[in-house]
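Colleague: I'm new to this one. Could you show it to me and then take a few questions?

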Amino acid sequence: MSSGNTSKTDSRRPQCDVQIRWMIRRDMPEVLDIERLSFEFAWSEEDFLCCLRQRNCIGMVAERQERIVGFMIYELLKSQLHVLNFAVAPWARRQGVGTQMVEKLVTKLSQQRRQEITLEVRETNLPAQLFFKRQGLSANSVLRGHYEDTDEDAYVMNYQLYPCEDQIIPFTLRKQAFGFDSDAEAA
């Protein structure tokens, strides 16, 4: 996926099909295992449950052959989906699982409602930064001292369903780029 809403598939990477479904209570032991293997400062079971009790928080898992291989927790905000937690099991990485999870999030965007995905990534988590960049997200700001456990900065990354070209090309240049001239506009 890239920021132009087209999907890119890297032919060098194996792609495995996973089922992405709602997270249920019995998934929690496998989700917690993936969490502990993925993060130095892992969420506890209580952190997950507290988050998932919120009306606007959604938990999803990626399952392959009846085994959880990834998960994501996101919140539904007025105009965006905000990813709170996202991980793929170490043994299932680089097989397209994370890509399929991000693609699932993109399908939840719509022109009328939510048009953006946002998330924060630790400044030291280069693999995650590069992964999300390959998925079409871009870093647009830094949150200084965002993480309480280390006082580490976070990069805010986002994906726009419909990137706004007007913010990139000034109006006068856009007219020239698309061949508009003042005589044609007056007619």
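Modeller: Sure, here are some questions and answers on strands and on one arginine. This is a predicted model, where local features need pLDDT of at least 70, side-chain atom pairs count only at pLDDT 80 or more, and totals for chains, interfaces and linings use all residues. Residues are numbered from 1 along each chain as its sequence is written, and side-chain values use heavy atoms, with hydrogens and water left out.

Colleague: What makes strand S2 mostly covered?

Modeller: Eight of the eight residues in S2 (57-64) are buried, and buried means under 20% relative accessible area with a 1.4 Å probe, protein chains only. Cys57, Gly59, Val61 and Glu63 point one way, Ile58, Met60, Ala62 and Arg64 the other.

Colleague: Why do the side chains of a strand alternate?

Modeller: Because in a regular strand they alternate between the two faces of the sheet.

Colleague: How do you know that S2 and S3 pair?

Modeller: Two strands pair if DSSP finds at least two bridges between them. S2 and S3 (67-76) have eight, running antiparallel, so by that rule they pair. One bridge joins Met60 to Met72. S1 (19-22) also pairs with S2, antiparallel, over four bridges.

Colleague: Why is Arg114 said to have no salt bridge?

Modeller: A salt bridge needs a side-chain nitrogen of Lys or Arg within 4 Å of a carboxyl oxygen of Asp or Glu. The nearest side chain of opposite charge to Arg114, Glu75, is 10.0 Å away, so the cut-off of 4 Å isn't met.

Methods:
Buried means under 20% relative accessible area, exposed over 50%, partly exposed in between (1.4 Å probe, protein chains only). Helices (H or I, at least four residues) and strands (E, at least two) are DSSP runs, numbered from the N terminus. Lys and Arg count as positive and Asp and Glu as negative; His and the chain ends are not counted.
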